[in-house]
Amino acid sequence: TGRVRPGRGPRVAAMAMAMTTARFARNARTTVRSRRDRRSGRKKERDRNGTANAGNGHALEGASSAKLWFMAVKPPMYSVAIVPLCVGAACAKFCAAKFETARFWMAMLGCVLTIAWLNLSNDAFDADTGVDVNKPESVVNLLGSKNLVLAIAWTSLLVGIYLFLRISTQAGDPSVLLKLLLAILLGYMYQGPPFRLSYKGLGEPICFLTFGPLATSAFFSLQLPGQPVPWTTWAASVLVGITTSVILFCSHFHQIVEDRAVNKFSPIVRLGTKRAAEVLQWSVGTFYALQVVFCTIGWLPITCGATMLPGMVLGKKLVDFVHTKYDRAREVFVSKYIAVRWHSLQGLLLVAGLLWAGRLSA
């Protein structure tokens, strides 16, 4: 007892060493495999984001010429000018039961021409930076001539300014023209050289100010020249500015790769798509919270609070859609069109609430 058989000690030691070596080899293989899987997962994630966010060129691959032209002209986007015009006129109707039909329709034509300039010149200026290289619905890519696009754009703007000058002169209120010219200047600074403020992430604040307080109050003064702009109009203009800015915000999700490539620091580039989706949720929630506050303190009639309810359904749809699609560019591309519908519907409901209140007080 207690004696070790000859040769057993070395065999036990060899077996122990073999088992340890095998265990070490298995652990090493597991570690290598785990690292390889992690690298593969990261690569797949980069590939998925890269291909998904390579713009909507892949999403529109094989699209018909008619569809591309429809998307290039952007008919739904003209609501960004029509809504503040209608809301400003509705505020005037609510405050003084007055409506100048001829001025309204001339202003409508001027707005359409100005937005045409904004869209066309934006495509032309973006062609200089290369951000639209994968954008088949760019007017420059469709026509093949940046100079032609700029010529059409500036002609549209000149005619639009002439119409604004004419209606401002008819109204006898220079503040109308001054506000509209300031809005146009900000529109140029948003996209045009040497400013290109959209590349610095300032597009949304500019959009809010231009289509919200500036345009809405200008179109109020067009109907009631010389009258001080009431709190009702300022409150309504804030709501219009928020919904308009949401359209621009949503338009960045699908082109984050192109924006990064040309150093365009849009809010989506700065925040990332996930955090940007959360910001969108807060923005839509803030819109409805402000509408409730404005109705509660009397800046907006209570009827505007009642009419906002149908729009909440579409607002929730927009938030939920982006929340589930924010990292899939080919799908989240649609969000800007949902945002346009939400903006248009909320503008229509706001106008309905103002006109309803005016009829009740008559």
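Modeller: Before we look at single residues, one convention is needed: a residue is called buried when its relative accessible area is under 20%, exposed when the area is over 50%, and partly exposed in between. Please also keep in mind that what we are looking at is a predicted model.

Biologist: Then why is Lys98 called partly exposed?

Modeller: Lys98 has a relative accessible area of 33%, and partly exposed is the word for values between under 20% and over 50%, so the label follows from the value. Glu100, at 25% relative accessibility, is called partly exposed by the same reasoning.

Biologist: What makes the pair Lys98 and Glu100 a salt bridge?

Modeller: The test asks for a side-chain nitrogen of Lys or Arg within 4 Å of a carboxyl oxygen of Asp or Glu. For Lys98 and Glu100 the closest N and O atoms are 3.9 Å apart, and the pair therefore passes the test.

Biologist: How many salt bridges does a search of the whole structure find, and which residues are linked in a network of them?

Modeller: The search finds five, and the network links Lys325, Asp327, Arg328 and Glu331. Within it, Arg328 meets Asp327 at 3.8 Å, N to O, and Arg328 also meets Glu331 at 3.9 Å; both distances are within 4 Å, so both pairs count as salt bridges. As for accessibility, Arg328 is partly exposed at 34%, and Glu331 is partly exposed at 31%.

Biologist: Let us turn to Ser79. Where does Ser79 lie, and is Ser79 buried or exposed?

Modeller: Ser79 lies in helix α3, which covers residues 79–96. Its relative accessibility is 10%, and because the limit for buried is under 20%, Ser79 is called buried.

Biologist: What makes the link between the side chains of Ser79 and Ser344 a polar contact?

Modeller: A polar contact needs a pair of N or O atoms within 3.5 Å, with one able to donate a hydrogen and the other to accept it. The side chains of Ser79 and Ser344 make such a contact at 3.3 Å, so the distance part of the test is met. Leaving aside its neighbours within four places in sequence, Ser79 is in contact with Pro84, Val340, His343 and Ser344.

Biologist: Why are α3 and α16 called roughly parallel to each other?

Modeller: Two packed helices are described by the angle between their axes and the distance between the axes. For α3 and helix α16 (residues 335–361), the angle is about 10° and the axes are 9 Å apart. Angles under 35 degrees count as roughly parallel, and α3 and α16 are therefore given that label. The contact is made by residues including Ser79, Val83 and Phe94 of α3, together with Val340, Ser344 and Leu354, among others, of α16. Sorted by type, the residues of this contact divide into 13 nonpolar, five polar and one charged.

Biologist: What can be said about Ala97, and why is Ala97 called exposed?

Modeller: Ala97 is placed in the loop between α3 and α4. Its relative accessibility is 59%, and since exposed means over 50%, that is the word used for Ala97. Phi of Ala97 is near 50°, a positive value in a residue other than glycine.

Biologist: Where does Arg196 lie, and how do you know that Arg196 is buried?

Modeller: Arg196 lies in the loop between α7 (174–191) and α8 (203–223). At 16% relative accessibility, Arg196 falls under 20% and therefore counts as buried. Phi of Arg196 is near 45°, again a positive value in a residue other than glycine. Beyond its neighbours within four places in sequence, Arg196 is in contact with Phe125, Asp128, Thr129, Met189, Tyr190 and Gln191. Pro194 is also found in the loop between α7 and α8, and a cis peptide bond, with omega about 0°, joins Pro193 and Pro194.

Biologist: Finally, how many helices and strands are there in the protein chain, and what percentage of its residues is buried?

Modeller: The chain has 16 helices and zero strands, and buried residues make up 48% of its 362 residues. Among contacts between residues at least 6 apart in sequence, 76% join residues at least 24 apart.

Conventions
Residues are numbered from 1 along each chain as its sequence is written. This is a predicted model: local features need pLDDT of at least 70, side-chain atom pairs count only at pLDDT 80 or more; totals for chains, interfaces and linings use all residues. Side-chain values use heavy atoms; hydrogens and water are left out. Helices (H or I, at least four residues) and strands (E, at least two) are DSSP runs, numbered from the N terminus. Buried means under 20% relative accessible area, exposed over 50%, partly exposed in between (1.4 Å probe, protein chains only). Contact means heavy atoms within 4.5 Å. Axes are lines fitted to C-alpha atoms, for helices over the stretch in contact, and angles run from 0 to 180 degrees between N-to-C directions. Angles under 35 degrees count as roughly parallel, over 145 as roughly antiparallel, 65 to 115 as roughly perpendicular and the rest as oblique. Ala, Val, Leu, Ile, Met, Phe, Trp, Tyr, Cys and Pro count as nonpolar, Asp, Glu, Lys and Arg as charged, and the others, Gly among them, as polar.
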